[in-house]
Amino acid sequence: MSEQDEPEVGMRHLGLAPWLQTAWDLRAAGNFIGGGSGTGLLILVSLGAFRGFTSPILLVVGLGLVGLGLFSVFLEIGRPLRSINVLRGGKRSWMTREAMVAGVLFPLGAAALVFPDLVKLIWIPALAYLYCQCRIMEAAKGIPTWRSPLIMPLILSTGIAEGAGILLLLAPLVLDGAAPDWVAGTLIGAVAARLFVWMFYRRRMVAGGAPVQAAAVLVAFSAPFTLGGNVMPVMLLMAAGIMPDLALAALAAAGLTAMLGGWALKITIVTKAAHNQGFAIAHSPARGSGESGPGFKPGWREIPPK
């Protein structure tokens with residue numbers, strides 16, 4: 001089935017072909033954006049404390065981003081006063097576990113502002129929170145682009161890349177000079193990992209792992225994401241090393257492009273390529289004494305028989 005055939009298929013099998021889900025919108029994407037960027041930043045600030053790197057302002061920024069992400073989910077709830085019920089599903093819900101981890105992350109972060117040595121512990125709940133976000137998306141089995149086993153390394157790597165990007169972006173404002181050299185190295189490694197996973201993820205979705213319409217969205221997004229969100233940050237980091245006079249500006253620009261690339265990735269996956277499974281039958285029912293006919297799966301790429 002080609003992409004050009006999709007509108008016709010949608011008309012022939014109205015209500016059967018996959019359609020774009022609307023339960024999660026930009027507010028839901030905001031949770032993954034704020035949570036991923038915030039925890040990525042907190043992980044780097046926490047691990048940097050072992051090397052003498054401290055910044056209470058960046059700690060507050062990381063906690064604030066996570067808080068904004070949670071607030072965006074709160075805005076999406078139909079009955080906000082019942083949001084406390086999220087804490088009742090710890091045995092089966094990764095969203096509940098995310099909220100429970102947040103109950104550890106925020107008090108620990110607040111305590112670290114008073115007792116700086118506690119910063120070295122923040123990476124633990126921050127990483128756990130980021131892991132919960134990965135599992136929230138992976139557990140949505142009805143959305144093929146979310147349930148892929150590659151979604152976890154993709155969300156993890158982009159979270160670290162976004163965190164490193166924000167650190168480089170804010171360093172001239174909150175630090176005395178540029179960020180430590182290891183931050184740029186972390187960004188290169190995270191961006192390389194994100195791009196590597198993205199290539200396999202996109203190929204898997206286009207090869208039949210997702211509906212045709214969802215795969216088409218990923219294909220259209222791939223080039224600007226690859227160049228603007230991954231190649232460009234690395235080129236800017238190289239420029240920072242070659243031109244010391246422009247290093248601060250180039251490092252900040254590299255961080256900005258890496259961060260925006262991750263945000264665009266999450267918006268695309270959560271709101272634009274989030275087509276559900278749709279309906280299919282294994283084979284057409286037999287009529288009378290005749291034999292059953294072939295099955296059909298509208299809205300999906302046909303795999304030629306071997």
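Trainee: Why is G189 called partly exposed?

Mentor: Buried means under 20% relative accessible area, exposed means over 50%, and partly exposed is what lies in between (1.4 Å probe, protein chains only). G189 comes out at 41%, so partly exposed is the label. Before you go on: this is a predicted model, where local features need pLDDT of at least 70, side-chain atom pairs count only at pLDDT 80 or more, and totals for chains, interfaces and linings use all residues. Residues are numbered from 1 along each chain as its sequence is written, and side-chain values use heavy atoms, leaving out hydrogens and water.

Trainee: Where does G189 sit, and how far in space is it from S157?

Mentor: G189 belongs to helix 8, residues 181-209. Helices here are DSSP runs of H or I with at least four residues, strands are E runs of at least two, and numbering goes from the N terminus. From G189 to S157 is 9.0 Å, C-alpha to C-alpha, with their positions 32 residues apart in sequence.

Trainee: What makes G262 buried?

Mentor: G262 has a relative accessible area of 0%, and that value earns the label under the cut-off I gave you. G262 is part of helix 10. Leaving aside residues up to four places away in sequence, G262 touches T158, E162 and R194, where contact means heavy atoms within 4.5 Å. The C-alpha atoms of G262 and I155 are 8.8 Å apart, though the two are 107 residues apart along the chain.

Trainee: Q133 next: buried or exposed?

Mentor: Buried, because its relative accessible area is 0%. Q133 lies in helix 5, residues 123-138, and touches N31, F32, G35, G36 and E98, again not counting residues up to four places away in sequence.

Trainee: How do you know that helix 9 and helix 10 are roughly antiparallel?

Mentor: Two packed helices are described by the angle between their axes and the distance between the axes. Axes are lines fitted to C-alpha atoms, for helices over the stretch in contact, and angles run from 0 to 180 degrees between N-to-C directions. Under 35 degrees counts as roughly parallel, over 145 as roughly antiparallel, 65 to 115 as roughly perpendicular, and the rest as oblique. Helix 9 (residues 212-242) and helix 10 (residues 247-272) cross at roughly 165°, their axes coming within 8 Å. Roughly antiparallel is therefore the verdict for helix 9 and helix 10.

Trainee: Which residue classes make up the contact of helix 9 with helix 10?

Mentor: That contact has 17 nonpolar, five polar and one charged residues. Ala, Val, Leu, Ile, Met, Phe, Trp, Tyr, Cys and Pro count as nonpolar, Asp, Glu, Lys and Arg as charged, and the others, Gly among them, as polar.

Trainee: What is the handedness where helix 9 passes helix 10?

Mentor: Left-handed. A crossing gets that name if the near helix is turned anticlockwise from the far one by less than a right angle, and is right-handed if clockwise. Helix 5 passes helix 7 in a right-handed crossing.

Trainee: Where does pLDDT stay under 50?

Mentor: Over residues 1-12. pLDDT is the predictor's confidence in each residue, from 0 to 100. Where pLDDT is low, the predicted coordinates should not be read in detail. The protein's mean pLDDT is 87, with 83% of its residues at 70 or more.
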